[in-house]
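Below is a short briefing on one protein model. It covers confidence, the nonpolar core and one buried position.

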Amino acid sequence: MMVGVVGSSFALAGAASAQQPANPAPARPATPMPQYTAADAEAVLNARIVALKTVMGLTPDQEKLWPPVEAAIRAIAKNSFERLKQRLAAPPATDFVRSLVMLADGEEARAKDLKMFIAAAQPLLATLSPEQKRRMPAFLGLTDNPGQSSGQLWLFEEEEG
């Protein structure tokens, strides 16, 4: 009989412990995360520009061709942020056709920005060594996937919000 009582006690204890999580999830902080500011975005952009130049390892002659590339990157970031603000201020799409129009408009604007970047970068790109050319795409966020969305490039990250 004692074995039955002890066994029942263990069974009840096991059932009770199975109902309680072993490691309860930590409580979420009461304070919300701080807002990502324009100054934060500027600091990240500055760091990425410095990092891109470092990854590329520009020579003194190549450095002379850098200012238009940097200006294009900064313009893209500004344009992307403006598109994000417009998208957030706009009323939500009421149907899928409007969603497609908004998507097409965004892709068209990103295409213009990419063409601006390419035009600014071509003189510099023509002087890069094979090693420099190999490093640049991966740093920008390009992959080997044909037809990759421009939204995957960090150049357009501000637009994603």
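Which residues does L155 touch, not counting those up to four places away in sequence? L155 touches I73, I76, A77, S80 and L140, where contact means heavy atoms within 4.5 Å. The model is predicted: local features need pLDDT of at least 70, side-chain atom pairs count only at pLDDT 80 or more, and totals for chains, interfaces and linings use all residues. Residues are numbered from 1 along each chain as its sequence is written, and side-chain values use heavy atoms, with hydrogens and water left out.

**Confidence**
- The protein chain has a mean pLDDT (the predictor's confidence in each residue, from 0 to 100) of 80.
- Of its residues, 72% reach 70 or more.
- Helix α1 (residues 2-19) has the lowest mean pLDDT among the elements, 46, and helix α3 (residues 60-63) the highest, 97. Helices are DSSP runs of H or I, at least four residues, numbered from the N terminus.
- Over residues 1-13, pLDDT stays under 50, and the model has zero contacts beyond four places in sequence for them.
- Where pLDDT is low, the predicted coordinates should not be read in detail.

**Nonpolar core**
- The largest nonpolar core (buried Ala, Val, Leu, Ile, Met, Phe, Trp, Tyr and Cys residues joined through side-chain atoms within 4.5 Å) has 22 residues.
- M56, W66, I73, F117 and L155 have the most contacts inside it.
- At least two core residues each come from α2 (38-56), α4 (66-89), α5 (96-125) and α6 (130-140).
- The largest share, six residues, comes from α4.

**D113**
- D113 lies in helix α5.
- D113 is buried (under 20% relative accessible area, 1.4 Å probe, protein chains only), at 6%.
- Leaving aside neighbours within four places in sequence, D113 contacts I76, N79, R83 and F156.

Technical notes
Buried < 20%, exposed > 50% of the residue type's maximum accessible area, 1.4 Å probe, protein only.
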